[in-house]
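The following exercises are to be worked with the sequence and the model at hand. Each task is followed by a solution in steps.

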Amino acid sequence: MRMLIVSNRLPFTVIEKEGMFEFKESVGGMVSGLSAYIDSMKTSSFIELKYIWIGWPGITIEDIKQKEQLKLKALSDFHAYPIFLSEEIMDKFYHGFCNKTIWPLFHYFPFYTVYDEDSWKCYKHVNEMFCEAIMEIIKPDDIVWVHDYHLMLLPGLLKKRSPENPVGFFLHIPFPSFEIFRMLPKKWQKELLEGIVGADLAGFHTHEYTQYFLRCVLRILGHEHNMGKIITKNKIVRADTYPMGIDFPKFNNHTNNMQVQKEEDKFDRTLANYRIILSIDRLDYTKGIINRLRSYEIFLERYKQWHKKLILLLIVVPSRIGVEHYQQNKKEIDELVGRINGKFGSIDWTPISYQYKFLPFGSLIALYKRSDIALITPLRDGMNLVSKEYIAARTDKTGVLILSEMAGASKELGEAIIINPNNTEEIIEALKEALEMPREEQIRKNHIMQERLKCYDVVKWAHDFLNDLISVGEEQKRFDAKLLNRKVKEEMKVDFNKARRRLILLDYDGTLVPFAPSPEMAVPNQDILNILISYLKDMRNEIVLLSGRDKDTLGRWFELPNINIVAEHGILIKEKNCDWSIAKQLNDQWKTRILPLLRLYVDRVPGSFIEEKGFSIAWHYRKADPEQSSQQAKDLMDTLVNLTANIDVQIMQGNKVVEIRNTGFNKGTAGMHWISKNEYDFILAIGDDFTDEDLFRILPDTAYSIRVGITQSYARFNLHNYVEVIELLRQMVEVNVISDIINKEIYNEIPS
Ligand code: GDG
C-alpha cells in the first residue's frame with residue numbers, strides 16, 4: 001500500500017542559503033501528529049508503509065532547474081513531492097482565502113471574515129494545481145489522504161479524475177454550525193461541501209463537528225444520511241469522528257533525552273522557587289491569549305498572597321506573520337504583558353516571562369514537565385494537542401490542566417478544570433482551584449487522562465481513519481459490482497431479442513423521470529413517451545407501469561394503446577385497452593380519521609402538502625425545510641403507528657413522503673397478475689424505491705431486476721439514475737421518433 005498524504009505545507013520548510021537548500025522542521029499540530037504516525041510505521045515490523053507527502057515547500061522558486069533539483073532531493077531524502085506556488089498565488093490563497101475567510105469563519109470570527117471573489121478563484125485554482133500534481137504521480141493502488149481546510153475542493157476533483165483510488169479527507173479545524181457556514185456565498189458553500197463529499201471518508205475531531213457537517217450537507221446539498229453514511233447520486237460517502245491523539249511515548253518517555261535534562265536543570269536553577277503557569281500557543285487570535293492575560297491580571301489583583309510566588313510563562317510561537325489580525329493580536333499581547341509586568345512586577349519578580357519564538361523540542365518538554373499548571377483557553381480550537389502533550393509529559397502524574405470547553409480536546413479531557421474562555425471569572429477561579437488542588441487529586445485525575453491518551457494515540461487515530469477509508473472503498477466496490485455493466489447489458493439485449501413474450505415492469509417517479517418539487521410537475525416528456533410507444537408497437541412486449549400515483553393522473557399522462565397501468569401501489573389495475581378495476585372491494589373510511597392529523601402536519605411544516613388518492617393518502621415534504629420536515633416525518637410516523645393500530649392500513653416512508661394505504665396490496669401482488677400467466681420468456685423490472693422491492697422479491701430467478709440508486713436491494717443489478725434507465729430502454733429497442741403521440745394515426749399504426 002502506498003499512501004499519498006496531501007497537505008498545504010510539507011512537514012518542513014525549505015530555505016535557500018548560498019544556492020543550497022536547507023530543510024527546517026515545520027510547527028503545527030497536524031504535522032506533529034502525522035509525522036509521529038509515519039515514524040511509528042517505519043519502526044513497525046508488520047506493515048511496510050510507503051508514502052509520499054505532497055505540499056508546498058515554503059519557498060518560492062522560479063528557476064526550472066532549481067525546481068527539479070529540489071524535487072529530487074525532497075523525494076529521495078524526505079519522501080516529499082513539492083508543489084511550487086508563486087508568491088502572488090500564495091498570498092491570495094494562503095493569506096487570502098484560507099486565513100482571511102475560512103480560518104476566521106470556521107473559528108466563529110465572522111467579523112474578521114473577508115469575502116473576496118478573487119481569493120476564492122485563487123483557492124479553486126490552487127486546489128486544481130494540487131490535483132494536477134497528484135495526477136502526475138498517482139498509481140492505481142494508492143490511497144490518498146487530504147488534510148485540512150486549505151484543500152476542501154481537492155477530494156472532489158481527485159475522485160473525478162481518478163475514481164478508483166480511495167480518497168480520505170480530514171479537517172483539523174472545527175466544522176462550524178450551519179448558521180455560521182451559511183454566511184459564505186451560496187456558490188462557495190455548495191462547492192466546498194461538494195468537494196468534501198467528493199471524498200470516500202470525511203473525518204472530524206469531534207462528534208459535534210461531524211453533526212454540523214452532516215447538517216450542512218442535508219440543508220445545502222439535500223443529501224440525507226444514515227448514521228453518517230451519505231448516499232449521493234453515484235457513491236457512498238461516510239462522515240465520522242476521529243479525535244486526533246498524540247505520540248504518547250514521545251512526550252511521556254524522555255528519561256534518556258539529554259536535551260530535556262539540560263533544560264530541566266536550567267529551569268530548576270532559575271525558577272525552582274516559583275509555581276509555574278504555562279501558556280503556549282501559535283500566535284493566533286483564536287487561542288484566547290488576551291482573555292488569559294486579562295484573567296491573570298485580575299487574579300493578581302484579587303489574590304495578592306500569590307505575588308512573588310507565581311510566574312506565567314507565556315510562549316507565543318510566531319505564525320501567519322503576513323495577516324493583519326495576527327499583527328494586531330501580537331501588538332495587543334505585547335502591550336498587555338507590558339502593562340501587567342509594570343503594574344505588579346518588582347526588581348525581584350516579573351509576573352509574566354514572555355517569549356515570542358519557536359522552542360526546540362527539549363525545551364518544550366522541560367516546560368511541560370516543570371509547569372504546575374497549563375492554562376489553555378482558546379476561544380475555538382479544532383482539537384488542541386498542547387493540552388494532551390502537557391498531560392502526557394507529566395511522568396509523576398502531578399500538574400493541573402485548565403482547558404477551554406471550546407477546544408475539541410475538552411471532550412476527551414473531562415478530568416481537567418474545564419472553563420468557558422469568555423468568562424474571566426471562571427478562569428480566575430480555575431487558577432485558584434488549580435493552585436490549591438491537593439497532589440493526590442492531581443495524580444488521580446491525570447492518571448485517568450493519561451490512560452485515555454495512551455490508548456487512543458495518534459497511531460490509533462491514523463489507523464482507524466485509514467481502515468475506515470479502506471472499508472468504505474470495499475462497500476463501494478460491492479455496489480459497483482452490482483452495477484449493470486456492459487457485459488450484462490449485452491446479454492440482456494440478446495435475451496430480449498430472442499424472446500417471444502417479454503414482460504417489462506416499470507416504476508415511474510425516480511425511475512423514468514427525476515423527482516420534481518411537486519408530483520404534478522413530473523409530467524412525462526416526449527422522449528419517454530416515444531420510447532414507451534416503440535415498445536408498445538411490438539406485440540411481443542407487455543409493458544406495465546407500476547406507480548404509487550392516483551389512477552386519474554396516470555390515465556391522463558399515459559393514454560397509450562396497449563399499455564398496462566397499476567396505480568396506488570397495486571390497488572388499481574388498468575389492463576391494456578380496458579378500464580380500471582379494483583382487485584377487491586376496499587374500505588376507505590379510515591381516510592377521514594387520518595386526514596385531520598395530516599392537515600396538522602401541513603400547518604406545522606410549511607411547504608408540505610397532502611395528496612389524497614382513492615385508497616391512500618400521502619404527505620409530501622420535498623419542498624419543505626429538509627431538516628424540520630425529516631424530523632416531523634419521524635414524528636408523524638410514530639403518531640400514525642398508534643393511531644392506525646386497529647385499522648387495516650399500512651404506513652410507509654418513501655422518498656420525502658409518508659404514505660398511508662390499505663394493506664394486502666403492493667407492487668409485488670400487482671406484478672403477480674402478469675407473472676402468474678407464465679407466458680413470458682423475458683422479464684425485466686426497474687424501480688427506485690422500497691415499494692419496488694415487493695416486486696423484485698417475487699420475480700423468478702431468470703428475471704432481470706434493476707434498482708435505481710446506490711442502495712441495497714433484492715434486485716440483481718443497480719443503475720445510478722433515471723438517465724441510465726432511459727438510455728438502457730432506448731438501447732434495447734429501436735426508437736421511432738414520433739412527434740405527436742396524441743395523433744390518432746399513431747394509434748392505428750400499432751398492431752392490435
Ligand atoms: C491545528 C488545529 C488541532 C507548538 N509550539 C511549539 C511546538 N508546538 C507544537 C505542539 C503541538 C503543535 O505544535 C500545536 O498543535 P495544536 O493542536 O495545539 O494547534 P494548531 O497548530 O493550531 O493545529 C488544532 C491540530 O491542527 C491537529 O489537528 O489540534 O485545533 O488548529 O504538537 O507541540 N513544538 C515545538 N516548539 C514550539 O515552540 N517543538
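The exercises proceed from the whole chain to a sheet, a hairpin and one residue.

This is a predicted model, in which local features need pLDDT of at least 70, side-chain atom pairs count only at pLDDT 80 or more, and totals for chains, interfaces and linings use all residues. Residues are numbered from 1 along each chain as its sequence is written, and side-chain values use heavy atoms, with hydrogens and water left out.

**Exercise 1. The chain as a whole**

Task: Describe the secondary structure, extent, burial and domains of the chain.

Solution.
1. The chain has 26 helices and 29 strands; these are DSSP runs numbered from the N terminus (helices: H or I, at least four residues; strands: E, at least two).
2. Along its principal axes, the C-alpha trace spans about 110 × 65 × 50 Å.
3. Of the 752 residues, 57% are buried (under 20% relative accessible area, with exposed meaning over 50% and partly exposed in between; 1.4 Å probe, protein chains only).
4. Among contacts with a separation of 6 or more, 70% involve residues 24 or more positions apart; a contact means heavy atoms within 4.5 Å.
5. An automatic or database domain assignment gives domain 1 (3-241), domain 2 (249-455), domain 3 (483-584 + 665-740) and domain 4 (591-662).
6. The C-alpha centres of domain 1 and domain 3 lie 45 Å apart.

**Exercise 2. An eight-stranded sheet**

Task: Establish the strand order of the open sheet of eight strands, then place the helices α19 and α23 on it.

Solution.
1. The order is β22-β21-β20-β19-β18-β27-β28-β29, and the pairing is mixed; two strands pair if DSSP finds at least two bridges between them.
2. At the edges are β22 (580-582) and β29 (717-719), each of which pairs on one side only.
3. From one strand to the next, the twist averages 20°.
4. Four bridges join β27 (residues 682-687) to β28 (residues 704-708) in the parallel sense, with L684 opposite Y704 in β28.
5. Helix α19 (residues 526-536) packs on the sheet, where it touches β18 (502-507), β19 (541-546) and β20 (563-567), and its direction makes about 140° with that of β19.
6. Helix α23 (residues 667-675) lies across β18, β19, β20, β21 (572-574) and β27, at about 165° to β19. Such angles run from 0 to 180 degrees between N-to-C directions, the axes being lines fitted to C-alpha atoms, for helices over the stretch in contact.

**Exercise 3. Strand β26**

Task: Determine which strands pair with β26 and why it is described as largely enclosed.

Solution.
1. Strand β24 (residues 616-620) pairs with β26 in the antiparallel sense over five bridges, and H620 stands opposite V657.
2. Strand β25 (residues 649-654) also runs antiparallel to β26, joined to it by six bridges; here Q650 faces R661.
3. The hairpin of β25 and β26 has two residues between the strands, and K656 takes a positive phi near 60°.
4. Strand β26 (residues 657-662) is largely enclosed by the rest of the structure because six of its six residues are buried.

**Exercise 4. Residue R2**

Task: Is R2 buried or exposed, and which residues does R2 touch?

Solution.
1. R2 lies in strand β1 (residues 2-9).
2. With a relative accessible area of 15%, R2 is buried.
3. Leaving aside residues up to four places away in sequence, R2 touches K50, Y51, I52, I137, I138, K139, D141, D142 and I143.
4. The side chains of R2 and D142 are joined by a polar contact of 2.5 Å (a pair of N or O atoms within 3.5 Å; within protein, one must be able to donate a hydrogen and the other to accept it, and residues adjacent in sequence count only if both atoms are side-chain atoms).
5. R2 and V144 are 142 residues apart in sequence, yet their C-alpha atoms are 8.6 Å apart in space.
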